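Reader: I'd like to learn how to read cysteines and pockets in a model. Could you walk me through them?

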Amino acid sequence: QVQLVESGGGSVQAGGSLRLSCAISGYTYISYSAGWFCKSPGKEREWVALSGRDGTAYYSDSAKGRFTISKDNAKTTLNLQMNSLKPEDTAMYYCAADPSTVALLKGRANYWGQGTQVTVSS
């Protein structure tokens, strides 16, 4: 059974940094796409950064230049380095994985973690 477990959330002041990690287990595919999504109260869930099956990174406009997504060499951990954080980055962050990058981009991943809260104060 595929499991995704996020860690690394917390509270930080604006301009600070956080590193989120997602431990992925039980995946039977040789390679997969995985990414990070965020959801704040009153807003739709939206994608933040994705790592395709070939390792290509995709970033939302708000994440570009500030966040970096990476997979470890064993491809069992997905990381999101978040720098220059802003109060508007405050949200629950979810890790997701799917064999299809397109499905992931559309927010239709098969597998999701429980989420980790990120709070950025001004």
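Reader: Why does C38 have no bond to the closest cysteine sulfur?

Author: Happy to help! This is a predicted model, where local features need pLDDT of at least 70 and side-chain atom pairs count only at pLDDT 80 or more, while totals for chains, interfaces and linings use all residues. Residues are numbered from 1 along each chain as its sequence is written, and side-chain values use heavy atoms, leaving out hydrogens and water. A disulfide is a covalent bond between the sulfur atoms of two cysteines. Here the criterion is a pair of cysteine sulfur atoms within 2.5 Å. The closest cysteine sulfur to that of C38 belongs to C95 and is 14 Å away, too far for a bond.

Reader: Which cysteines form a disulfide?

Author: C22 and C95 do, with sulfur atoms 2.1 Å apart. C22 lies in strand 3 (residues 18-25) and C95 in strand 9, so the disulfide ties together parts 73 residues apart in sequence. Strands here are DSSP runs (E, at least two residues), numbered from the N terminus. The S-S torsion is about -85°, so this disulfide is left-handed.

Reader: Are C22 and C95 buried or exposed?

Author: Both are buried, meaning under 20% relative accessible area with a 1.4 Å probe, protein chains only. C38, at 10% relative accessibility, also counts as buried.

Reader: Which strand gives the largest share of the lining of the largest pocket?

Author: Strand 5, with three residues. A pocket is an open set of points on a 1 Å grid where a 1.4 Å probe fits, with protein on both sides within 12 Å along at least five of seven lines; lining residues have an atom within 4 Å of a point.

Terms used. Helices (H or I, at least four residues) and strands (E, at least two) are DSSP runs, numbered from the N terminus. Buried means under 20% relative accessible area, exposed over 50%, partly exposed in between (1.4 Å probe, protein chains only).
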